[in-house]
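Please open the structure in a viewer and keep the sequence panel visible. The tour below proceeds by selections, each followed by a description of what is found there.

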Amino acid sequence: MSAYDYELHEGFIAQHPVEPRDQSRLMVVEKSTGKLEHRRFYEILDYLKRGDVLVLNDTKVIPARLLGRKDRTGGKAEVLLVKPLDAGWEYWEAMVRPGRRLKTGDKIVIDSESLVLVLDRLAQGMRKVQIIGRDLPHNIIKKKGQVPLPPYINENDVALKSYQTVYARINGSIAAPTAGFHFTEELLKRLASAGIESAYVTLHVGPGTFRPVKTKDIRKHDMHREDYQLSPETAELINRAKEEGRRVIAVGTTVVRCLESSATKKGLVMPGQGSTELFIFPGYKFRIIDGMVTNFHLPKSTLLMLVSAFAGYELIMRAYREAIKERYRFYSFGDAMLII
């Protein structure tokens, strides 16, 4: 784990996105030569070819953070909704705080008309909870929930729209697939006009995104499970590109995990719904992706290990040193990296 640590001053952590989004900085990392270039994100067109397939994650962040008070004591309590356990969004797998003090049967009062009932203990510190109120659970979450911002974002009033990609479509994430933040609708149109195809998968991002690796031997880390869906149309588009020798470029680590989890031994993808606990670190043999767009990730994170597996550990560490030297903006709202 210590090999994936680096020191970053707090001032490098972006607290809000650049506007327009495609004006963010872009570091281009060339795997074959080790060359690093400094550009703006809208210039990504200079590095993509006609026939390339960009794969994007169209998951949509929900206002999954519910704040309230414990019914018994009046003390502050918080619920982070992680995964719905029924179609009506009444029952959830969730994280609760204070976790040790909340017992089965405790109630977290959100307002005079809604509460969260704490139920069973689940794996990895999760709890089963029930949303109860006069309104439908969907509406309670929409009206009373807050944006589940990463812990390193200091602002509390960031609009939900600011923490979404422009192509977000399927509700279900507690964190955004942030590599997609840099795309604007205009840039997507320009990419299409240049003959670059776009395909979409859905992977709902869970709390594992922010969970640090705590084991000294990274192979012993327990990855959090995330659900994904890969449509027949997307699979056909990707498989045709692979068979024709065209590049498949993943926009974000979530897309990488989805595609690599769907990969067959022949280097194609299988459509369908599934869940993945795939942990990618150096030594992993990629079967689908030929390039990726990503942000600059937390020290000791599984995401940093994934990009190190794809580009090579030494090259990524050099790129991060260069990013700090050149004062790039880091993490969710920060600048981007294109690895090709």
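Which residues in helix 5 meet which residues in helix 6? Before selecting them, please note that this is a predicted model.

**First stop: a pair of helices**

Select residues 302–311, which form helix 5, together with residues 313–325, which form helix 6. From helix 5, Leu-304, Val-307, Ser-308 and Ala-311 take part in the contact; from helix 6, their partners are Tyr-313, Leu-315, Ile-316, Met-317 and Tyr-320. Sorted by class, this contact of helix 5 with helix 6 comprises eight nonpolar residues, one polar residue and no charged residues. Two packed helices are described by the angle between their axes and the distance between the axes. Here the axes of helix 5 and helix 6 come within 7 Å and cross at roughly 120 degrees. Helix 5 is therefore oblique to helix 6.

**Second stop: the open sheet**

Next, display the strands of the open sheet. Nine strands build this sheet, with mixed pairing, and their order is 2-1-17-16-14-3-12-13-15. To find its edges, select strand 2 (36–40) and strand 15 (272–276), each of which pairs on one side only. Between neighbouring strands of the sheet, the turn averages 25 degrees when direction is ignored.

Now select strand 1 (residues 25–29) and strand 17 (residues 336–339); these run parallel and are joined by four bridges. Within this pair, Val-28 is placed opposite Leu-338 of strand 17. Add helix 3 (residues 232–243), which packs on the sheet. Helix 3 touches strand 3 (53–57), strand 12 (197–203), strand 13 (226–230) and strand 14 (248–251), and its direction makes about 130 degrees with that of strand 12.

**Third stop: Asp-52**

Centre the view on Asp-52, in the loop between strand 2 and strand 3. Is Asp-52 buried or exposed? Its relative accessible area is 2%, so Asp-52 counts as buried. Two links of its side chain can be displayed. The side chain of Asp-52 reaches the backbone nitrogen of Lys-49 at 2.7 Å, and it makes a polar contact of 2.7 Å with the side chain of Arg-247. When neighbours within four places in sequence are left aside, the residues in contact with Asp-52 are Gly-195, Ile-196, Glu-197, Arg-247 and Ile-249.

**Fourth stop: the barrel**

Turn now to the barrel. Six strands close it in the order 5-6-7-10-9-8, with antiparallel pairing. From one strand to the next, the twist averages 45 degrees. Select strand 7 (residues 91–97) and strand 10 (residues 127–133), an antiparallel pair with four bridges. Glu-93 is found opposite Lys-128 of strand 10.

Add helix 1 (residues 137–144) to the selection. Helix 1 lies across strand 5 (65–70), strand 6 (76–84), strand 7, strand 8 (107–111), strand 9 (114–121) and strand 10, and it runs at about 95 degrees to strand 10.

**Final stop: Asp-111**

Select Asp-111, which belongs to strand 8. With a relative accessible area of 21%, Asp-111 is partly exposed. With which side chains does the side chain of Asp-111 make polar contacts? One is that of Ser-114, at 2.7 Å, and another is that of Lys-144, at 3.1 Å. Lastly, add Leu-67: Asp-111 and Leu-67 are 44 residues apart in sequence, and their C-alpha atoms are 9.4 Å apart in space.

Definitions and conventions
Residues numbered from 1 in each chain as written. Predicted model: local features only at pLDDT ≥ 70, side-chain atom pairs only at ≥ 80, totals over all residues. Heavy atoms only, no water. Axes fitted to C-alpha atoms, helices over the stretch in contact; angles between N-to-C directions. Helix = DSSP H or I, 4+ residues; strand = E, 2+ residues; numbered from the N terminus. Parallel < 35°, antiparallel > 145°, perpendicular 65-115°, else oblique. Contact = heavy atoms within 4.5 Å. Nonpolar A, V, L, I, M, F, W, Y, C, P; charged D, E, K, R; others polar. Pairing = 2+ DSSP bridges. Buried < 20%, exposed > 50% of the residue type's maximum accessible area, 1.4 Å probe, protein only. Polar contact = N/O pair within 3.5 Å; in protein donor to acceptor, adjacent residues only side chain to side chain.
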